Amino acid sequence: MKILVDENMPYAERLFSRLGEVRAVSGRPVPPDALNDADALMVRSVTKVNAELLAGTPVRFVGTATAGTDHVDEEWLAQQGIGFSAAPGCNAIAVVEYVFSALMLLAERDGFDLREKTVGIVGVGNVGGRLDQRLRALGVKTLLCDPPRAERGDDGAFYPLETLVKDADVLTFHTPLNKSGPYQSLHLADAELLAALPDNRILINASRGPVVDNAALLQALEGGKTLSAVLDVWEPEPALSLPLLARADIGTPHIAGYSLEGKARGTTQVFEAFGAFLGEPAQASLSELLPPPEMASVRLRGKLNQDVLKRLIHLVYDVRRDDAPLRRVAGEAGGFDRLRKHYPERREWSSLNVVCDDGETAALLTALGFSASAA
Ligand SMILES: NC(=O)C1=CN([C@@H]2O[C@H](COP(=O)(O)OP(=O)(O)OC[C@H]3O[C@@H](n4cnc5c(N)ncnc54)[C@H](O)[C@@H]3O)[C@@H](O)[C@H]2O)C=CC1
Ligand SMILES: O=C(O)C(=O)[C@H](O)COP(=O)(O)O
(Lines give C-alpha, C1' and ligand atoms only; values in the text may rest on other atoms or scores of the structure.)
(Ligands and ions follow the chains in the order given, each with its own letter.)
Protein backbone atom coordinates (compact mmCIF):
# COMPACT_ATOMS: atom_id res chain seq x y z
CA MET A 1 0.00 0.00 0.00
CA LYS A 2 1.64 3.25 -1.16
CA ILE A 3 0.32 6.45 0.36
CA LEU A 4 1.28 9.91 -0.91
CA VAL A 5 0.89 12.69 1.62
CA ASP A 6 1.31 16.45 1.25
CA GLU A 7 4.59 17.46 2.89
CA ASN A 8 2.71 20.19 4.80
CA MET A 9 0.47 17.78 6.69
CA PRO A 10 1.82 17.56 10.23
CA TYR A 11 2.00 14.06 11.73
CA ALA A 12 0.99 12.44 8.41
CA GLU A 13 4.12 10.32 8.02
CA ARG A 14 3.88 9.15 11.61
CA LEU A 15 0.20 8.14 11.35
CA PHE A 16 -0.14 6.86 7.79
CA SER A 17 2.94 4.67 8.11
CA ARG A 18 0.73 2.48 10.33
CA LEU A 19 -1.29 1.71 7.19
CA GLY A 20 1.33 1.54 4.44
CA GLU A 21 4.44 2.98 2.85
CA VAL A 22 4.35 6.78 3.01
CA ARG A 23 5.95 9.32 0.69
CA ALA A 24 5.69 13.05 1.43
CA VAL A 25 5.52 15.27 -1.65
CA SER A 26 4.81 18.86 -2.58
CA GLY A 27 1.12 19.65 -3.04
CA ARG A 28 1.50 22.55 -5.51
CA PRO A 29 2.27 20.81 -7.87
CA VAL A 30 2.17 17.10 -6.99
CA PRO A 31 5.09 15.53 -8.91
CA PRO A 32 3.27 13.51 -11.65
CA ASP A 33 5.62 10.51 -11.42
CA ALA A 34 4.75 10.15 -7.74
CA LEU A 35 1.19 9.21 -8.70
CA ASN A 36 2.19 6.31 -10.96
CA ASP A 37 2.24 3.75 -8.16
CA ALA A 38 0.24 5.49 -5.42
CA ASP A 39 -2.82 3.77 -3.94
CA ALA A 40 -3.91 6.76 -1.88
CA LEU A 41 -3.36 10.51 -1.94
CA MET A 42 -3.68 12.88 1.04
CA VAL A 43 -3.83 16.54 0.03
CA ARG A 44 -4.34 20.07 1.32
CA SER A 45 -6.37 22.83 -0.34
CA VAL A 46 -3.58 23.78 -2.76
CA THR A 47 -3.93 20.58 -4.81
CA LYS A 48 -6.62 20.49 -7.49
CA VAL A 49 -7.91 16.93 -7.41
CA ASN A 50 -9.61 16.05 -10.68
CA ALA A 51 -9.41 13.89 -13.81
CA GLU A 52 -6.38 15.83 -15.00
CA LEU A 53 -4.44 14.83 -11.89
CA LEU A 54 -5.67 11.28 -11.33
CA ALA A 55 -6.98 9.72 -14.58
CA GLY A 56 -4.91 6.65 -15.40
CA THR A 57 -3.33 6.42 -11.93
CA PRO A 58 -3.93 3.59 -9.44
CA VAL A 59 -5.19 5.99 -6.73
CA ARG A 60 -8.27 4.50 -4.98
CA PHE A 61 -8.68 6.93 -2.10
CA VAL A 62 -8.24 10.70 -1.68
CA GLY A 63 -8.26 12.46 1.65
CA THR A 64 -8.07 16.20 2.17
CA ALA A 65 -7.04 17.50 5.59
CA THR A 66 -9.24 20.56 5.08
CA ALA A 67 -12.77 21.73 5.78
CA GLY A 68 -13.27 23.25 2.33
CA THR A 69 -13.60 20.89 -0.63
CA ASP A 70 -13.83 23.25 -3.60
CA HIS A 71 -10.41 22.01 -4.82
CA VAL A 72 -11.78 18.47 -5.24
CA ASP A 73 -13.97 17.25 -8.11
CA GLU A 74 -16.04 14.98 -5.89
CA GLU A 75 -18.40 14.05 -8.72
CA TRP A 76 -15.54 12.71 -10.83
CA LEU A 77 -14.08 10.78 -7.88
CA ALA A 78 -17.48 9.17 -7.22
CA GLN A 79 -17.87 8.26 -10.92
CA GLN A 80 -14.47 6.55 -10.78
CA GLY A 81 -15.31 4.73 -7.52
CA ILE A 82 -12.46 6.52 -5.76
CA GLY A 83 -13.08 6.88 -2.02
CA PHE A 84 -12.98 10.40 -0.60
CA SER A 85 -12.94 12.07 2.77
CA ALA A 86 -12.48 15.66 3.94
CA ALA A 87 -11.97 16.84 7.51
CA PRO A 88 -15.10 18.83 8.36
CA GLY A 89 -14.71 21.20 11.27
CA CYS A 90 -11.06 20.29 11.87
CA ASN A 91 -9.87 23.92 12.01
CA ALA A 92 -13.10 25.74 12.86
CA ILE A 93 -11.82 26.84 16.29
CA ALA A 94 -8.69 28.32 14.73
CA VAL A 95 -10.75 30.39 12.29
CA VAL A 96 -12.98 31.63 15.12
CA GLU A 97 -9.90 32.66 17.11
CA TYR A 98 -8.49 34.42 14.04
CA VAL A 99 -11.72 36.44 13.74
CA PHE A 100 -11.62 37.35 17.44
CA SER A 101 -7.96 38.32 17.20
CA ALA A 102 -8.73 40.65 14.28
CA LEU A 103 -11.78 42.17 15.95
CA MET A 104 -9.85 42.84 19.16
CA LEU A 105 -7.15 44.58 17.15
CA LEU A 106 -9.65 46.80 15.33
CA ALA A 107 -11.55 47.48 18.56
CA GLU A 108 -8.38 48.78 20.19
CA ARG A 109 -7.31 50.78 17.12
CA ASP A 110 -10.72 52.35 16.51
CA GLY A 111 -11.78 52.60 20.16
CA PHE A 112 -14.97 50.56 20.19
CA ASP A 113 -16.51 48.08 22.58
CA LEU A 114 -17.20 44.82 20.76
CA ARG A 115 -20.25 44.28 22.94
CA GLU A 116 -21.86 47.35 21.39
CA LYS A 117 -21.48 45.94 17.88
CA THR A 118 -23.65 43.55 15.93
CA VAL A 119 -21.78 40.81 14.09
CA GLY A 120 -23.40 39.38 10.97
CA ILE A 121 -22.28 35.80 10.28
CA VAL A 122 -22.76 34.54 6.73
CA GLY A 123 -22.56 30.73 6.73
CA VAL A 124 -23.36 29.22 10.11
CA GLY A 125 -21.71 25.80 9.98
CA ASN A 126 -18.70 24.57 11.91
CA VAL A 127 -16.93 27.94 11.85
CA GLY A 128 -19.90 30.31 11.86
CA GLY A 129 -21.75 28.30 14.51
CA ARG A 130 -18.80 28.30 16.92
CA LEU A 131 -18.18 31.98 16.25
CA ASP A 132 -21.80 32.72 17.09
CA GLN A 133 -21.54 30.74 20.36
CA ARG A 134 -18.40 32.53 21.53
CA LEU A 135 -19.63 35.99 20.52
CA ARG A 136 -22.89 35.44 22.37
CA ALA A 137 -21.00 34.14 25.41
CA LEU A 138 -19.24 37.52 25.44
CA GLY A 139 -22.54 39.40 25.14
CA VAL A 140 -22.14 40.42 21.50
CA LYS A 141 -25.29 40.52 19.37
CA THR A 142 -25.17 38.37 16.25
CA LEU A 143 -27.30 38.13 13.12
CA LEU A 144 -27.14 34.87 11.21
CA CYS A 145 -27.52 34.21 7.49
CA ASP A 146 -27.53 30.63 6.19
CA PRO A 147 -30.18 30.00 3.53
CA PRO A 148 -29.51 26.21 3.30
CA ARG A 149 -30.02 25.84 7.06
CA ALA A 150 -32.99 28.19 7.11
CA GLU A 151 -34.66 26.16 4.35
CA ARG A 152 -33.92 22.90 6.18
CA GLY A 153 -35.85 24.33 9.13
CA ASP A 154 -32.86 24.28 11.51
CA ASP A 155 -33.40 25.88 14.91
CA GLY A 156 -32.43 29.51 15.24
CA ALA A 157 -33.25 32.83 13.65
CA PHE A 158 -31.84 33.19 10.15
CA TYR A 159 -32.00 36.42 8.17
CA PRO A 160 -31.54 37.33 4.51
CA LEU A 161 -28.10 38.65 3.60
CA GLU A 162 -29.66 42.07 2.92
CA THR A 163 -30.65 42.35 6.60
CA LEU A 164 -27.07 41.73 7.70
CA VAL A 165 -25.77 44.25 5.16
CA LYS A 166 -28.15 46.85 6.56
CA ASP A 167 -27.94 46.10 10.29
CA ALA A 168 -24.62 44.40 11.14
CA ASP A 169 -21.51 46.41 12.01
CA VAL A 170 -19.32 43.45 11.13
CA LEU A 171 -19.97 41.14 8.17
CA THR A 172 -17.95 37.94 8.35
CA PHE A 173 -18.08 35.25 5.65
CA HIS A 174 -17.87 31.52 6.49
CA THR A 175 -19.55 29.81 3.54
CA PRO A 176 -18.05 27.16 1.29
CA LEU A 177 -17.18 28.32 -2.22
CA ASN A 178 -20.20 27.29 -4.31
CA LYS A 179 -19.49 28.33 -7.87
CA SER A 180 -23.11 27.80 -8.99
CA GLY A 181 -26.42 26.38 -7.83
CA PRO A 182 -29.15 27.63 -5.54
CA TYR A 183 -26.70 28.63 -2.81
CA GLN A 184 -24.03 30.17 -5.00
CA SER A 185 -21.45 31.95 -2.87
CA LEU A 186 -19.08 33.00 -5.67
CA HIS A 187 -18.95 36.81 -5.40
CA LEU A 188 -21.56 36.80 -2.64
CA ALA A 189 -20.00 40.11 -1.64
CA ASP A 190 -20.14 41.84 -5.02
CA ALA A 191 -20.12 45.47 -6.14
CA GLU A 192 -23.81 45.80 -5.35
CA LEU A 193 -23.44 44.47 -1.80
CA LEU A 194 -20.40 46.65 -1.18
CA ALA A 195 -22.26 49.72 -2.42
CA ALA A 196 -25.16 48.93 -0.08
CA LEU A 197 -22.88 48.59 2.98
CA PRO A 198 -23.17 51.71 5.14
CA ASP A 199 -19.92 53.50 6.07
CA ASN A 200 -17.59 52.34 8.84
CA ARG A 201 -18.42 48.66 8.63
CA ILE A 202 -15.97 45.77 8.97
CA LEU A 203 -15.82 43.05 6.33
CA ILE A 204 -14.01 39.80 7.12
CA ASN A 205 -13.32 37.02 4.66
CA ALA A 206 -11.77 33.85 6.07
CA SER A 207 -13.70 31.46 3.82
CA ARG A 208 -12.50 31.36 0.20
CA GLY A 209 -11.15 34.33 -1.75
CA PRO A 210 -13.79 34.40 -4.52
CA VAL A 211 -16.66 34.64 -1.99
CA VAL A 212 -15.74 38.34 -2.05
CA ASP A 213 -15.31 39.92 -5.48
CA ASN A 214 -11.75 41.17 -4.91
CA ALA A 215 -11.77 43.52 -7.92
CA ALA A 216 -15.03 45.09 -6.74
CA LEU A 217 -13.66 45.43 -3.19
CA LEU A 218 -10.51 47.12 -4.45
CA GLN A 219 -12.57 49.45 -6.61
CA ALA A 220 -14.80 50.35 -3.66
CA LEU A 221 -11.81 51.04 -1.38
CA GLU A 222 -10.01 53.03 -4.07
CA GLY A 223 -13.24 54.96 -4.61
CA GLY A 224 -13.14 56.14 -0.99
CA LYS A 225 -15.45 53.62 0.68
CA THR A 226 -14.90 53.72 4.43
CA LEU A 227 -14.75 50.04 5.23
CA SER A 228 -12.27 48.02 7.27
CA ALA A 229 -11.27 44.88 5.39
CA VAL A 230 -9.83 41.78 7.03
CA LEU A 231 -8.76 39.31 4.36
CA ASP A 232 -7.24 35.90 5.00
CA VAL A 233 -8.19 34.54 1.59
CA TRP A 234 -7.76 36.11 -1.84
CA GLU A 235 -8.96 36.00 -5.40
CA PRO A 236 -6.76 34.55 -6.79
CA GLU A 237 -4.23 32.71 -4.60
CA PRO A 238 -1.31 32.66 -4.36
CA ALA A 239 -0.96 35.64 -6.76
CA LEU A 240 -3.11 37.99 -4.71
CA SER A 241 -3.81 41.61 -5.67
CA LEU A 242 -1.03 43.71 -4.14
CA PRO A 243 -3.09 46.92 -4.35
CA LEU A 244 -5.86 45.19 -2.40
CA LEU A 245 -3.41 43.97 0.25
CA ALA A 246 -2.14 47.55 0.58
CA ARG A 247 -5.73 48.72 1.23
CA ALA A 248 -6.65 45.86 3.60
CA ASP A 249 -6.59 46.66 7.31
CA ILE A 250 -5.45 43.13 8.02
CA GLY A 251 -4.13 40.76 5.35
CA THR A 252 -2.90 37.22 5.95
CA PRO A 253 -1.82 34.32 3.70
CA HIS A 254 -4.78 31.90 4.12
CA ILE A 255 -3.76 30.80 7.59
CA ALA A 256 -6.91 31.47 9.62
CA GLY A 257 -7.27 27.74 10.19
CA TYR A 258 -3.58 27.11 10.91
CA SER A 259 -3.53 26.27 14.60
CA LEU A 260 -1.44 23.23 15.39
CA GLU A 261 -4.53 21.61 16.87
CA GLY A 262 -6.52 22.37 13.70
CA LYS A 263 -3.88 20.89 11.42
CA ALA A 264 -3.47 17.84 13.63
CA ARG A 265 -7.24 17.28 13.69
CA GLY A 266 -7.23 17.50 9.88
CA THR A 267 -4.60 14.77 9.66
CA THR A 268 -6.22 12.50 12.24
CA GLN A 269 -9.66 12.85 10.62
CA VAL A 270 -8.44 11.73 7.19
CA PHE A 271 -6.25 9.03 8.77
CA GLU A 272 -9.28 7.57 10.54
CA ALA A 273 -11.41 7.88 7.38
CA PHE A 274 -8.76 6.06 5.34
CA GLY A 275 -8.54 3.32 7.97
CA ALA A 276 -12.32 2.88 7.77
CA PHE A 277 -12.09 2.78 3.94
CA LEU A 278 -9.53 -0.02 4.20
CA GLY A 279 -11.59 -1.84 6.83
CA GLU A 280 -8.68 -1.44 9.27
CA PRO A 281 -9.88 0.60 12.22
CA ALA A 282 -7.30 3.36 12.78
CA GLN A 283 -7.47 5.83 15.64
CA ALA A 284 -5.29 8.70 16.72
CA SER A 285 -5.69 11.24 19.49
CA LEU A 286 -4.39 14.79 19.57
CA SER A 287 -2.87 14.23 23.00
CA GLU A 288 -0.44 11.64 21.59
CA LEU A 289 0.65 14.05 18.85
CA LEU A 290 0.73 17.61 20.17
CA PRO A 291 3.73 19.02 22.07
CA PRO A 292 3.09 20.98 25.26
CA PRO A 293 2.35 24.64 24.50
CA GLU A 294 5.15 27.20 24.82
CA MET A 295 2.99 29.28 27.16
CA ALA A 296 0.90 27.03 29.35
CA SER A 297 -0.47 29.12 32.17
CA VAL A 298 -1.19 32.64 33.46
CA ARG A 299 -2.76 33.99 36.66
CA LEU A 300 -5.42 36.63 36.23
CA ARG A 301 -6.46 39.07 38.96
CA GLY A 302 -9.88 40.72 38.99
CA LYS A 303 -12.69 41.00 36.49
CA LEU A 304 -12.49 40.48 32.78
CA ASN A 305 -12.85 43.57 30.63
CA GLN A 306 -12.24 43.95 26.90
CA ASP A 307 -8.68 45.14 27.38
CA VAL A 308 -7.73 42.12 29.51
CA LEU A 309 -9.50 39.77 27.12
CA LYS A 310 -7.67 41.32 24.18
CA ARG A 311 -4.34 40.78 25.91
CA LEU A 312 -5.19 37.15 26.69
CA ILE A 313 -6.35 36.51 23.13
CA HIS A 314 -3.24 38.12 21.67
CA LEU A 315 -1.01 36.23 24.07
CA VAL A 316 -2.16 33.03 22.39
CA TYR A 317 -2.58 34.36 18.85
CA ASP A 318 -2.11 37.88 17.50
CA VAL A 319 -3.10 38.23 13.85
CA ARG A 320 -0.39 40.91 13.33
CA ARG A 321 2.07 38.04 13.50
CA ASP A 322 0.77 36.95 10.08
CA ASP A 323 -0.12 40.32 8.59
CA ALA A 324 3.39 41.84 8.66
CA PRO A 325 5.21 38.95 6.92
CA LEU A 326 2.62 38.85 4.13
CA ARG A 327 3.13 42.55 3.43
CA ARG A 328 6.88 41.91 3.29
CA VAL A 329 6.86 39.00 0.85
CA ALA A 330 3.59 39.14 -1.10
CA GLY A 331 5.35 40.60 -4.15
CA GLU A 332 8.00 37.86 -4.25
CA ALA A 333 7.55 34.74 -6.36
CA GLY A 334 6.56 31.91 -4.01
CA GLY A 335 6.29 34.27 -1.02
CA PHE A 336 2.67 33.44 -0.16
CA ASP A 337 3.23 29.67 -0.20
CA ARG A 338 6.52 29.99 1.70
CA LEU A 339 4.79 31.69 4.62
CA ARG A 340 2.20 28.92 4.72
CA LYS A 341 4.80 26.18 4.45
CA HIS A 342 7.00 27.54 7.25
CA TYR A 343 4.18 28.58 9.52
CA PRO A 344 5.33 29.08 13.11
CA GLU A 345 3.61 27.14 15.83
CA ARG A 346 0.27 28.57 16.82
CA ARG A 347 -1.98 27.13 19.52
CA GLU A 348 -5.65 27.46 20.36
CA TRP A 349 -7.02 29.31 23.39
CA SER A 350 -7.76 26.01 25.12
CA SER A 351 -3.98 25.47 25.40
CA LEU A 352 -3.77 28.36 27.88
CA ASN A 353 -4.67 27.57 31.47
CA VAL A 354 -5.93 30.79 33.06
CA VAL A 355 -6.07 30.71 36.84
CA CYS A 356 -8.49 33.42 38.00
CA ASP A 357 -9.23 34.81 41.45
CA ASP A 358 -12.74 35.61 40.30
CA GLY A 359 -15.27 32.82 39.68
CA GLU A 360 -17.34 34.74 37.12
CA THR A 361 -14.25 35.53 35.08
CA ALA A 362 -13.23 31.87 35.11
CA ALA A 363 -16.73 30.86 33.96
CA LEU A 364 -16.73 33.41 31.13
CA LEU A 365 -13.25 32.43 29.95
CA THR A 366 -14.29 28.78 29.99
CA ALA A 367 -17.37 29.62 27.89
CA LEU A 368 -15.06 31.45 25.47
CA GLY A 369 -12.84 28.39 25.04
CA PHE A 370 -9.89 29.00 27.40
CA SER A 371 -8.94 26.40 30.00
CA ALA A 372 -9.83 28.51 33.02
CA SER A 373 -10.24 27.76 36.70
CA ALA A 374 -10.93 29.78 39.86
CA ALA A 375 -8.42 29.61 42.71
N1 LIG B 1 -9.23 30.49 5.87
C2 LIG B 1 -9.08 29.29 6.34
O3 LIG B 1 -7.99 28.91 6.78
C4 LIG B 1 -10.23 28.34 6.37
C5 LIG B 1 -11.28 28.49 5.49
N6 LIG B 1 -12.34 27.64 5.53
C7 LIG B 1 -13.44 27.88 4.58
O8 LIG B 1 -14.59 28.23 5.31
C9 LIG B 1 -15.69 27.49 4.82
C10 LIG B 1 -16.67 27.24 5.94
O11 LIG B 1 -16.09 26.33 6.86
P12 LIG B 1 -17.00 25.45 7.82
O13 LIG B 1 -17.82 26.31 8.70
O14 LIG B 1 -16.10 24.47 8.44
O15 LIG B 1 -17.96 24.74 6.77
P16 LIG B 1 -19.38 24.13 7.03
O17 LIG B 1 -19.71 23.31 5.84
O18 LIG B 1 -19.44 23.50 8.37
O19 LIG B 1 -20.36 25.40 7.07
C20 LIG B 1 -20.67 26.17 5.96
C21 LIG B 1 -22.06 26.77 6.16
O22 LIG B 1 -22.31 27.69 5.09
C23 LIG B 1 -23.66 27.55 4.70
N24 LIG B 1 -23.84 28.05 3.34
C25 LIG B 1 -23.65 27.41 2.16
N26 LIG B 1 -23.90 28.24 1.13
C27 LIG B 1 -24.27 29.43 1.67
C28 LIG B 1 -24.63 30.69 1.12
N29 LIG B 1 -24.67 30.89 -0.20
N30 LIG B 1 -24.93 31.70 1.98
C31 LIG B 1 -24.88 31.52 3.32
N32 LIG B 1 -24.55 30.34 3.89
C33 LIG B 1 -24.23 29.32 3.08
C34 LIG B 1 -23.93 26.05 4.85
O35 LIG B 1 -25.32 25.79 4.95
C36 LIG B 1 -23.17 25.72 6.12
O37 LIG B 1 -24.00 25.84 7.27
C38 LIG B 1 -15.07 26.19 4.23
O39 LIG B 1 -15.87 25.65 3.22
C40 LIG B 1 -13.76 26.66 3.72
O41 LIG B 1 -13.92 27.05 2.39
C42 LIG B 1 -12.45 26.66 6.48
C43 LIG B 1 -11.44 26.46 7.37
C44 LIG B 1 -10.21 27.24 7.35
O1 LIG C 1 -9.61 23.73 5.81
C2 LIG C 1 -9.73 24.59 4.93
O3 LIG C 1 -10.72 24.66 4.20
C4 LIG C 1 -8.67 25.59 4.75
O5 LIG C 1 -8.88 26.63 4.19
C6 LIG C 1 -7.33 25.25 5.25
O7 LIG C 1 -6.96 25.99 6.36
C8 LIG C 1 -6.38 25.46 4.12
O9 LIG C 1 -5.10 25.04 4.45
P10 LIG C 1 -4.22 24.26 3.38
O11 LIG C 1 -4.90 22.98 3.14
O12 LIG C 1 -4.18 25.06 2.13
O13 LIG C 1 -2.91 24.10 4.04
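**Note on the predicted model: ligand shells, annotated site and core**

1. Ligand 2 has around it the residues N8, R44, S45, V46, T66, A67, G68, N91 and G257. By class, this shell holds 2 nonpolar, 6 polar and 1 charged residues. The structure under discussion is a predicted model, and the points below should be read with that in mind.

2. Ligand 1 is surrounded by 35 residues, of which the closest are G68, G123, G125, V127 and G257. Two or more residues of this shell come from each of the elements α4, α5 (126-138) and α6 (147-152). The shell around ligand 1 divides into 17 nonpolar, 14 polar and 4 charged residues. G68 and G257 are named among the closest residues to ligand 1, and G68 and G257 are also listed around ligand 2.

3. Under "active site", an unreviewed UniProt entry lists R208, E237 and H254. These positions are spread over 47 residues of sequence, yet they cluster in space, with a largest C-alpha distance of 9.6 Å.

4. E237 is placed in the loop that lies between β10 (227-231) and α10 (242-247). Is E237 buried or exposed? E237 counts as partly exposed because 18 other C-beta atoms lie within 10 Å, whereas a buried residue needs 20 or more. Leaving aside residues up to four places away in sequence, E237 touches G209, H254 and F336.

5. H254 belongs to the loop between β11 (250-251) and α11 (260-278). With 24 other C-beta atoms within 10 Å, H254 is therefore buried. Its contacts, not counting residues up to four places away in sequence, are D232, V233, E237 and R340. The contact between E237 and H254 thus joins two of the positions that the UniProt entry lists.

6. The largest nonpolar core comprises 107 residues, and those with the most contacts inside it are M42, V95, V99, A102, L103 and I204. Which helix gives the most to this core? Helix α4 (residues 92-110) does, with 14 residues. In soluble globular proteins, nonpolar side chains tend to be buried together.

7. V99 deserves a separate remark. Not counting residues up to four places away in sequence, V99 touches L131, T172, I204 and A206. Of these partners, I204 is itself named among the core residues with the most contacts. Helix α4 appears in two of the settings described here: α4 gives the most residues to the largest nonpolar core, and α4 also gives two or more residues to the shell around ligand 1.

Note on methods. Residues numbered from 1 in each chain as written. Chains lettered and ligands numbered in written order. Predicted model: local features only at pLDDT ≥ 70, side-chain atom pairs only at ≥ 80, totals over all residues. Core = buried A, V, L, I, M, F, W, Y, C linked by C-beta atoms within 7 Å. Buried ≥ 20, exposed ≤ 12 C-beta atoms within 10 Å, placed from the backbone. Helix = DSSP H or I, 4+ residues; strand = E, 2+ residues; numbered from the N terminus. Contact = placed C-beta atoms within 7 Å. UniProt positions renumbered as here; feature names shortened; annotations may be inferred. Near = placed C-beta within 6 Å. Nonpolar A, V, L, I, M, F, W, Y, C, P; charged D, E, K, R; others polar.
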